[in-house]
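Okay, thanks for squeezing me in. Let me put the model up, and then I'll walk you through a few strands and one interface.

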Amino acid sequence: MKDKNQFLNIFLSAGLVFSLGACEDIINPTLQPASPMLVVDAWLTNRPEPQVISITRSQPYFEKALPPGVPGAQVRVVDNQGTLFIFLEDVANAGKYVWTPPPGQGFGVIGGSYRLTLVVNGETFEASSYMGRVPPIDSITFETDNRLGTSEKITRAEFWATDPTGIGDAYWIRTSKNGIALLKPTELNIAFDAGLSIGGQTDGVTFITPVRRRINANDKDANDKALSPIVSGDSIQVQIHSITVQAFTFLTEVGIQTNRPGGFQELFATPLANVSTNVVNTTAGGSKVLGFFNVSAVSSAGKRFSE
Amino acid sequence: MRSICRLALFLLISTSVLGQDKFTMNGTVRDASNGEALIGVTVFIKEIRNGAVTNAYGFYAITLPPGTYSVDYSYVGFRLESRVITLEANMQVSIELVPESEQLQEVVVKAEIEQANVSNMEMSTNKLEMKTVLRTPMLFGESDLLRSLLLLPGVSTVGEGASGFNVRGGNVGQNLILLDEAPVYNSSHLFGFFSVFNPDAVKDTKLYKGAIPARFGGRLASILDVRMKEGNNKRVEVAGGIGSIFSRLAVEGPIIKDKASFIVAARRSYIDVLARPFVPLLKEGGALNFYDLTLKTNYKINRRNSLYLSGYFGRDVFRFDKTQGFNWGNATATLRWNHLFNERLFLNATGVYSNYDYALQFGKDDRNRFTWNSSISNFILRPQFTYFINSNNELNFGADVTYYSFRPANAAGITNGKTVDLSLDRKFNLETALHVGNTQRITDAVSVEYGVRFSTFQYFGPGTAYIYGDTIPGVRKPVVGGREYRSGEVIAAYQNLEPRLSFRLQTSGRSAIKGSYNRMAQYLHLISNTTASNPLDVWAPSSNNVQPQLADQFTLGYFRDLTEDKQFEFSLEGYLRYTKNQIDYIDGADLLINEFLEGDFLSGIGRAYGLEAYFQKKSGRLNGWVSYTLGKSELQVDGINAGRWYETRFNQTHNLKIAAFYDISKRWSASANFIYTSGTPTTFPTSRYTQQGILIPHNAEASRNNVYLNDYHRLDISFRLEGKKVRKGKERKNSDYWVFSLYNVYARKNPFSIYFSQNDQRLPSGQPLQSDATQLSIIGTIVPAVSYNFRF
């Protein structure tokens, strides 16, 4: 129900009216060198499709290449029933490990808990997760307004779903538009129960407005003018992924560290800090590791907008 | 506690017995032009080479053996007044001083200024004359008290547009800002570009950075004591101005001549009015403005009693259509009674109400809406006595009782027609303090001030207090229990004894060494984890989980008048401050409407130290000052920077400021200031990694504030043109002037911050993500401005 960044965004758009001559320059500072760290990217879902775990290494901040994959790892997941899921190395894509479900089935069940074990260069890493429940999406609607003070049309999408009663459900709402995933930092959409934060006490109701509407692409034209998120012919696909409370905290931190729109919002930025991880090296004092393991149940809906 | 009272009583009785064969002269010193009481006037008795200084109400008292004395009343900017007084009984000598005409400023004030750094007890204290504030070149040409304050030694800011100020490495929440004795919780309008103080209504400003007298307490770093004008009691006067951001109007005048007067001063910004035709938002019912109203009235009932009533009300409003937006503001009211019990015992009793609140509303329809308001309000009772024991001792004692009521969130959300109550418990607190302090002249060359403040704080019910479990440092603490408390039941209580000591040792007629030690306790905490504090930041009281902040500060200084006429003054001061129970926050802390807010707090220690050099030329055609501070401010908090010491975000190693004022001709004058500061520290990443197509920055050392921004420097100038004094052969009744100013003359892009982000381009899957570093300058250009000001 509350979103500090949203409040501040609005507050700070006041700064635009109040054009002060703020200016921003892209710079190339020299950063301290650091050795690469192991990175685990393991977000599994119950969707009937191959599940991929990536193992890579961190890069210097300004590196303009794909992260290097780590080959030769053993990757397994065990559930609370003792079922073993072995992820096989994709020889064509270094660092990708894949488990393919039998036709028509997905990974895991709601209520199940899972333990990931990785063996990389003789070191063992572990992480655990559970699959939470997920509500169905009731509908997706479109609303067309005039851009403030003009006759220009702006169309926005909104999804409708209701958080089940009981505190502690967490979700990542992932949207793609015309088949392209919306992954900009400003497009990250997470919810705790029906609201925006753990302390938010918004349980068992329809997702609140900022969650329902943050499924819109945030694009600008060459003149930095916001484009209508939806135009005639666009289709969007919305998926609600259930996530763990720990994953919610992780993604909250990711949001804080990555969503840096600049401008006057910098007045109210928090310090750069490292995002947490749920992967641990079983040997104390072993090499450090980054990244996250989460298992999601997914509900989805799609709709095409035509005038 | 009881023993302190007894001591005070004993001192009172014993000294009045001792004082039988002496007489007291006392009175009030006022400005002859408008009847305003003058604060800090030196009353110097030549025969004993000693004297007194008028207090915040313009009052002084000196007790002497019978005899004939020559007395000089002197005050910067006023003609010296000399009197020969034969003291045969207690007597009252009230004086009016005549201001040096501004037009005569090129005539050097010949009178010897006794109110010098060297003979004065004070150290670590800066007085800011309103005349100086009005002549300092400012952003958009709008004179501003807090922006001018930044030109003083030991005062800094994290950057342009940041609200508040930092004193000697303290954070913005460690300053107590008093407007006519009422605490102001948010001193800014429109981010931090302007302060809430209307320059037309302010009489006098004093900043205490160290050697803080026992009568002040409640914050660690400084006390900013702003006093409002009382209003001209001789004639009606209207003053105002039209600037680029706001317009001002002030009316003051007598209600009963020489007995009662008033002042009403108002400001309103009008950028929204001017911008309305061009900005669609404003046409559709949006608003962006701020306004404030400052008023004061006083009534001198008789020689022994005066009453003052003052108030402030200000608000910032931002709406982005008819129903959505937010607003915030302060309201204060102060009722003061000055009473003279006898020739030597003076009472100032004050009752204060102060409130800060904000309100937000979002949602376009009744089925989907969010409303939230939050407030902190307090009531204060503060009797303060000054007992002028004799010419060598001045005793101050009194009490402070403050009742706080916090409303962290009164909030509700409506989603799809269903209402969810998000409100948090209100919090109630009582802070009390008893204080006593004596300023004692031991010899001509040695004086000391010693005192103690005993403060207590109670947090009481009704409410729920939570208990948090331990966890690894830097991670959110889990709630392990909670307890409901009944109304009035004490949830947490603290008490602190705060000793205050300072000394002055005059080493020659023109130089002195001064030193001090003080302990300060702070029971309220500004909860903010952002670079600059914002209007939604809340204040939180000390509780079962949050300990009061404590500071011990030591200062040592050397003060020197460089010439016989005391035109040139130099001082060098070192300070060292250790702080305890400093609040910092876990990464990803959730500070707004969080029932379990305290689980996101971290606690640590701090240290700040530095050296301040100050050179001032007080008057003459060219006057001004140079201030240089070498400083460091650090924190050590478990869970941040891997537990190592780290510099605060507002730490500045070098901080140089030059302010100069020059009278070009009878009508033209010029002012300039130059600021140079070292870049503030910030945090850079070393590495990056991706999760699900999102690029995340990472620092391999888990450092905080590990690199520095580029240095900051800026030159501002302004020219002032006085209106003609004579028009068509007749002297004009009204006066006016124009101010032409240039801010950031050489248009330097001073960095406010450098931030790291994923490039905004939408890339096809499988392409490497691009990362950028961006340097932001809040004001990266020259800003010219013109304002017109009048008085009649």
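So, start at Asp79 of chain A: Asp79(A) sits opposite Tyr114(A) in β8(A). Before I go on, this is a predicted model, so local features need pLDDT of at least 70, side-chain atom pairs count only at pLDDT 80 or more, and totals for chains, interfaces and linings use all residues. Residues are numbered from 1 along each chain as its sequence is written, while chains are lettered from A and ligands numbered from 1 in the order in which they are written.

Back to the strands, which are DSSP runs of E, at least two residues, numbered from the N terminus. β5(A), residues 74–79, pairs with β8(A), residues 113–120, antiparallel over six bridges; pairing here takes at least two DSSP bridges between the strands.

What else does β5(A) pair with? That would be β6(A), residues 84–89, again antiparallel, over four bridges. In that pairing Val75(A) is opposite Phe87(A). The two strands make a hairpin with four residues between them, and Gly82(A) in the turn has a positive phi of about 90°.

Now the interface. 82 residues of chain B are in contact with 77 residues of chain A, contact being C-beta atoms, placed from the backbone, within 7 Å. On chain B's side, the largest share, seven residues, comes from β52(B), residues 771–777.

And there's strand pairing across the chains too: β4(A), residues 59–60, runs antiparallel to β44(B), residues 687–691, joined by two bridges. There, Gln59(A) faces Arg688(B) as its opposite residue.

Notes. Two residues are in contact if their C-beta atoms, placed from the backbone, lie within 7 Å.
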